[in-house]
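User: Could you walk me through how to read cavities and a sheet in a model like this one?

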Amino acid sequence: MIPRGRAWRRVAFQLAGWAALLLVLRLTVVPAESRDLLTPDELRASSTAAREWIERNLQPDGRYTYVYDADLDDIPDDYNEVRHAGVTMSLFQSAGRDGDVEAFEAGDAAVDWMLDRLYRRDGWAALTTPHGDRCKVGASGLMLIALAERRLATGDTRHDEVMRELGRFLATMQRPDGGFYLAWLVARGEPDYVGTSRYYPGEATWGLALLHEALPGEGWDEYARAGSIFLTTLRDEVEGVRFRPLPDHWAAYSMAEMVEWGLSDEEIDYARRLAARFGFLIRAESQREHGLFGGPGSLIRVHVRAAAFGTWIEAMGALWRIAAADPRMADLKPAIEERLRVGASLLAHRQTDGVEARGYPRPAFVDGAWITRGETRMDDQQHALSGLLFAADALEGRTLRSPAEPLAIPDALP
């Protein structure tokens, strides 16, 4: 028989052990979520600061500052035409929603850079790499999206024929299963039949959907439909995605654009699974703020970069529009809104403001940016800008993505 004092000590030790285990779990596995929530106006202010970073760091030739190494005070000589097109898209989104003429003018300078680098053949046009040897499907898909966003923002139709040419390229590159070949090989005069991309199909599909919205009755919706079927039923299998569904915000954008056409049960099922996946990612990142690997004072701070985090917010904004429009998604709308508010607030809190930027050698390259491992890249600001913009719309219940009134184009433009 154990003496009463020893029994109580044993119980006390066991309770202490369980308490320690629960504390470790709380800190490392299920820490509390970050809950310093911002208003839609505050989210828009963060989006505006990101847009101003892009405008401020536009180069004279129409390229953006691709990357700034804040630790080394260095701007590496590197560039990426796919991300160039994506940043231009976000500028026109912001110009349309905020009526910002400077964003429009910066976007138009970037459009001129792309127009000068088009490769044309057999009635289609495609954006080439800086070396001119390849035409990536993702680059042309995002260029088409950027021009479609410009058209939405302004009502200006001057680039309609270029949009058609880009659409014909994407249609040429679409495979029989609805997916897309990776790129056109200029020297060989044929597609790259070997390489694949997990994300180019979503970019191409959304571009074709927007082209149909801009120019209905020309058959572009057939290509967009085929792309959406591939994304929602085949892509994860074809690409060997281990944890499904692939967190693809471009697919979410595509379905949100097509929801008014009517989505199939398979597409809605995929959208629901995407909402769960992105919701999980946002929750995990938010909980990390109060854990051992992300919170203030933590020994190691591990944050996902804004180029990725922003896509999660973009996706949830697009999925919110689907939930607002289709009864089969309506039950998820409150949960999506809650994830949007938490995720967008956390993303905005991580942005570098003007006061913090003064601690760096070149504040203009840091103010309004997201710094990860000592550097910021233009797509950090791109995805954060778009995500915060559409998160604010969703939290205000605004389902219309286009501006209420077209932006007046400056008279000086040709």
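Analyst: We'll take the cavities, then the sheet and the helices around it. Keep in mind that this is a predicted model.

User: Where do I start with empty space, and how many cavities of 30 Å³ or more does a search of the whole structure find?

Analyst: The general idea: rolling a probe the size of a water molecule over the atoms shows where empty space is left. Here, the search turns up 4 cavities of 30 Å³ or more. The largest cavity holds about 50 Å³, and the second largest holds about 40 Å³.

User: Which residues line the largest cavity?

Analyst: Its lining is made of F92, Q93, G96, R97, E149, L152, A153, F390, R401, S402 and P403. Sorted by class, that's 5 nonpolar, 3 polar and 3 charged residues.

User: And which helices supply at least two residues of that lining?

Analyst: Helix 3 (81–98) and helix 5 (137–154) each do. Helix 3 gives the most, with 4 residues.

User: Now the second largest cavity: what lines it?

Analyst: You'll find G317, W320, R321, F390, D393, A394, R398, L400 and R401 around it. F390 and R401 should look familiar, as they are also in the lining of the largest cavity. Helix 11 (306–325) and helix 14 (378–395) each bring at least two residues to the second lining. By class there are 4 nonpolar, 1 polar and 4 charged residues.

User: On to the sheet. What is the order of its strands?

Analyst: In general, strands of a sheet pair through backbone hydrogen bonds, either parallel or antiparallel. In this case you have an open sheet of 3 strands, ordered 4-5-6, and the pairing is antiparallel. Strand 4 (134–136) and strand 6 (190–191) are the edge strands, each pairing on one side only.

User: How many bridges join strand 5 and strand 6?

Analyst: Strand 5 (residues 183–185) and strand 6 are paired over 2 bridges, in the antiparallel sense. If you want one to look at, go to W184: its bridge partner in strand 6 is P191.

User: Which strands does helix 5 touch when it packs on the sheet?

Analyst: Helix 5 touches strand 4 and strand 5, and its direction makes about 55° with that of strand 4. This is a helix you've already met, as it also supplies at least two residues of the largest cavity's lining.

User: What about helix 6, which strands does it lie across?

Analyst: Helix 6 (residues 160–173) lies across strand 4, strand 5 and strand 6. Relative to strand 5, helix 6 runs at about 90°.

Definitions and conventions. Residues numbered from 1 in each chain as written. Predicted model: local features only at pLDDT ≥ 70, side-chain atom pairs only at ≥ 80, totals over all residues. Heavy atoms only, no water. 1 Å grid on protein atoms, 1.4 Å probe; cavity = no way out; pocket = protein on both sides within 12 Å on 5 of 7 lines; lining within 4 Å. Points joined across faces, edges and corners; volume = space filled by probe spheres on them. Nonpolar A, V, L, I, M, F, W, Y, C, P; charged D, E, K, R; others polar. Pairing = 2+ DSSP bridges. Contact = heavy atoms within 4.5 Å. Axes fitted to C-alpha atoms, helices over the stretch in contact; angles between N-to-C directions.
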